[in-house]
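Let's take a walk through this protein together, one region at a time. Keep the sequence and the 3D view open beside you as you read.

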Amino acid sequence: IGHAFGTMINYTYKQMYNGKLILRIEDTNPANIYPKAYELIEQDAQWVTDNGVDDVVVQSDRLDIYYKHARELIEKGLAYVCSVDADAWREMKAKGEASPYRDLDVKTQIERFERMFTDFAEGEAVIKFKTDMQHKNPAMRDFPIMRINEHVHPRTGKTQRVWPLMVFSVALDDHLLGVTHVLNGKDHADNAKKEALIMEAFGWKPPFYKHWGRINFLDMKLSTSETRRAIERDEFHGWDDVRLNTLVALKKRGYHPAAFQRFSIETGLSLNDKTVSKKEFWKNINAFNKQVIDDNVKRFFFVENPVQITIQNAPSKTVHLPLHPDKDFGTRELKCDDTYYIEQADYERMEAGKVYRFIDNINVLFTGETLEFHSETFEEYKNANKGFVLHWLPQATVGVTIKGPDSEHNGLAEEAVSCVERPSIVQFERRFFAKLDDGKNISGWFLH
């Protein structure tokens with residue numbers, strides 16, 4: 001969900017200005033790569049943007065580009081290979097003290113650069129970009145741009161051991177790929193400054209940077225690393241488990257990408273941090289999603305925890321109901337006699353002497369012991385000692401199971417549901433929207 005916000009902000013700007021959206025997969029830390037993510041990230045990005053990603057760039061495919069430009073910076077005297085211990089460097093940097101390797105001659109620096117590919121061990125040498133060692137922000141002082149990492153990479157194996165840090169690879173990519181606008185969270189503000197310095201060192205014009213404040217989602221587990229470990233422990237059956245807040249799980253349940261785009265636009269690009277509760281987030285997303293899908297979703301009756309009842313003197317009739325209240329989707333037929341299904345909870349709430357409306361059908365009097373036919377029209381129901389309006393089903397029904405993130409809904413639905421092309425979203429009237437899957441049984445996923 002957090003990734004969707006940033007993706008949709010960029011996608012919206014692409015649409016507004018007829019631009020180009022680039023998905024960059026940053027996989028230059030071999031120690032922290034989930035191989036399945038290559039495919040999952042692209043699938044998620046294409047889904048949430050309605051196939052709006054124009055190019056997919058994988059950084060591990062571009063290592064030669066990063067090596068070439070790192071060497072160029074060293075040759076220009078703008079970068080150097082440093083072997084100061086990391087802990088010692090933190091103290092030196094805080095004091096504004098330069099590395100003893102900073103001013104070695106270019107020939108020596110190039111030799112040390114080449115040794116990073118052969119005999120320097122991991123942690124023994126990094127390439128640092130020369131800046132102002134008296135800069136008021138210590139993070140900007142001679143920051144690293146490449147380091148050694150000897151973990152096996154899922155795409156390159158053991159063939160490479162020198163890897164760029166994000167600010168360096170991103171700076172080069174942004175220029176070489178023609179990026180004009182970078183929109184991301186304000187936690188990347190310092191990175192943007194570093195990237196601009198690197199670009200200026202090559203004589204390039206930096207792109208336009210725009211940041212947004214942090215969005216804190218309360219009471220929502222969104223960590224991909226924690227989710228991955230839970231999946232590996234078999235706590236979830238996969239990334240599309242409907243109990244998860246992953247995009248693939250929300251897609252499975254029937255959410256539409258436009259709902260997330262609307263949320264992103266409404267949230268906007270303010271630098272102020274925002275706190276969004278779980279309740280508030282889903283209230284907004286569900287409202288936006290309903291606006292998107294409502295016009296194309298057929299309606300049906302569904303009775304959960306059904307109880308069979310007999311209505312004395314009930315007429316035999318065929319009830320014709322529209323498949324949509326406003327669209328010409330046709331009608332469905334419910335053939336009725338004296339036997340019905342209603343929800344057990346509704347039956348238990350009935351009070352003796354009151355008349356209950358079987359929606360769009362008949363009015364029924366509860367005597368305290370039996371149910372008796374009372375009348376047919378809604379006007380007659382309004383003029384009676386009325387109870388509540390309830391859903392119902394005739395004898396002919398199909399069993400339905402709808403699974404949600406927190407619960408499972410089992411019950412009966414009208415036979416017409418079995419004729420719906422699947423997978424598709426339906427609304428069980430006055431209950432919920434659900435996405436029916438394409439299995440043999442009538443089952444699916446709770447939407448909202």
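A good place to begin is Ala-79, whose bridge partner in β4 is Phe-129. Please keep in mind throughout that you are looking at a predicted model. The pair belongs to a longer match: β3 and strand β4 (residues 126–129) run antiparallel and are joined over 4 bridges. Helix α5 (residues 106–115) packs on the sheet here, where it touches β3 and β4, and its direction makes about 55° with that of β3.

Now widen the view to the sheet itself. It is an open one of 4 strands, in the order β3-β4-β5-β6, with antiparallel pairing. At its edges stand β3 (79–82) and β6 (162–164); each has a single partner strand, so one side of each is left without a neighbour in the sheet. On average, neighbouring strands of this sheet are turned by 20° against each other, direction ignored.

Between β4 and β5 (144–148) runs a loop, and Asp-142 lies in it. Most residues other than glycine have a negative phi, and most peptide bonds are trans. Asp-142 has a positive phi, near 35°, and is not a glycine. Is this residue buried or exposed? Its relative accessibility is 0%, so Asp-142 counts as buried.

A second sheet is worth finding next. This open sheet has 6 strands in the order β16-β13-β19-β18-β17-β20, and its pairing is mixed. Its edge strands are β16 (339–343) and β20 (386–390), each of which pairs on one side only. From one strand to the next, the twist averages 40°. Inside the sheet, strand β18 (residues 363–366) and strand β19 (residues 371–375) run antiparallel and are joined by 4 bridges. If you want a landmark there, look for Phe-366, which stands opposite Leu-371 in β19.

The loop leading from β17 (355–358) to β18 holds Asp-360. Like the loop aspartate we met earlier, Asp-360 is not a glycine and has a positive phi, here about 60°. With a relative accessible area of 44%, Asp-360 is partly exposed.

Further along the chain comes strand β22 (residues 408–414), which is mostly covered, with 5 of its 7 residues buried. Which strands pair with β22? One is strand β21 (residues 397–403), which pairs with β22 in the antiparallel sense over 7 bridges. A hairpin of 4 residues joins β21 to β22, and Lys-403 stands opposite Glu-408 in β22. Another is strand β12 (residues 302–304), which is also antiparallel to β22 and pairs with it over 3 bridges. In that pairing, Phe-302 has Ala-413 of β22 as its bridge partner. Beyond β22, the loop between β22 and β23 (424–428) contains Pro-423. The peptide bond joining Arg-422 and Pro-423 is cis, with omega about 0°.

Let's turn to the helices. Two packed helices are described by the angle between their axes and the distance between the axes. The axes of helix α1 (residues 2–16) and helix α10 (residues 257–267) come within 9 Å and cross at roughly 85°. The two helices α1 and α10 are therefore roughly perpendicular to each other. The residues of the contact of α1 with α10 divide into 9 nonpolar, 5 polar and no charged. Among those that meet are Phe-5, Met-8 and Ile-9 in α1, and Phe-260, Phe-263 and Ile-265 in α10.

Two other helices each offer a buried polar side chain to inspect. His-69 lies in helix α3 (residues 63–75), and at 7% relative accessibility it counts as buried. Setting aside residues up to four places away in sequence, His-69 touches Phe-168, Leu-172, Leu-176, Phe-202 and Trp-204. Asn-191 sits in helix α7 (residues 189–201) and is buried too, with a relative accessible area of 16%. Apart from its neighbours within four places in sequence, Asn-191 is in contact with Met-166 and Val-167.

Finish at helix α8 (residues 224–232), whose buried residues are Thr-227, Ala-230 and Ile-231. These cover an arc of only 100° around the axis, which puts them on the same side of α8. After α8 comes Asp-234, whose phi is positive, near 65°.

Terms used: Residues numbered from 1 in each chain as written. Predicted model: local features only at pLDDT ≥ 70, side-chain atom pairs only at ≥ 80, totals over all residues. Heavy atoms only, no water. Buried < 20%, exposed > 50% of the residue type's maximum accessible area, 1.4 Å probe, protein only. Arc of directions from axis to C-beta. Pairing = 2+ DSSP bridges. Contact = heavy atoms within 4.5 Å. Axes fitted to C-alpha atoms, helices over the stretch in contact; angles between N-to-C directions. Parallel < 35°, antiparallel > 145°, perpendicular 65-115°, else oblique. Nonpolar A, V, L, I, M, F, W, Y, C, P; charged D, E, K, R; others polar.
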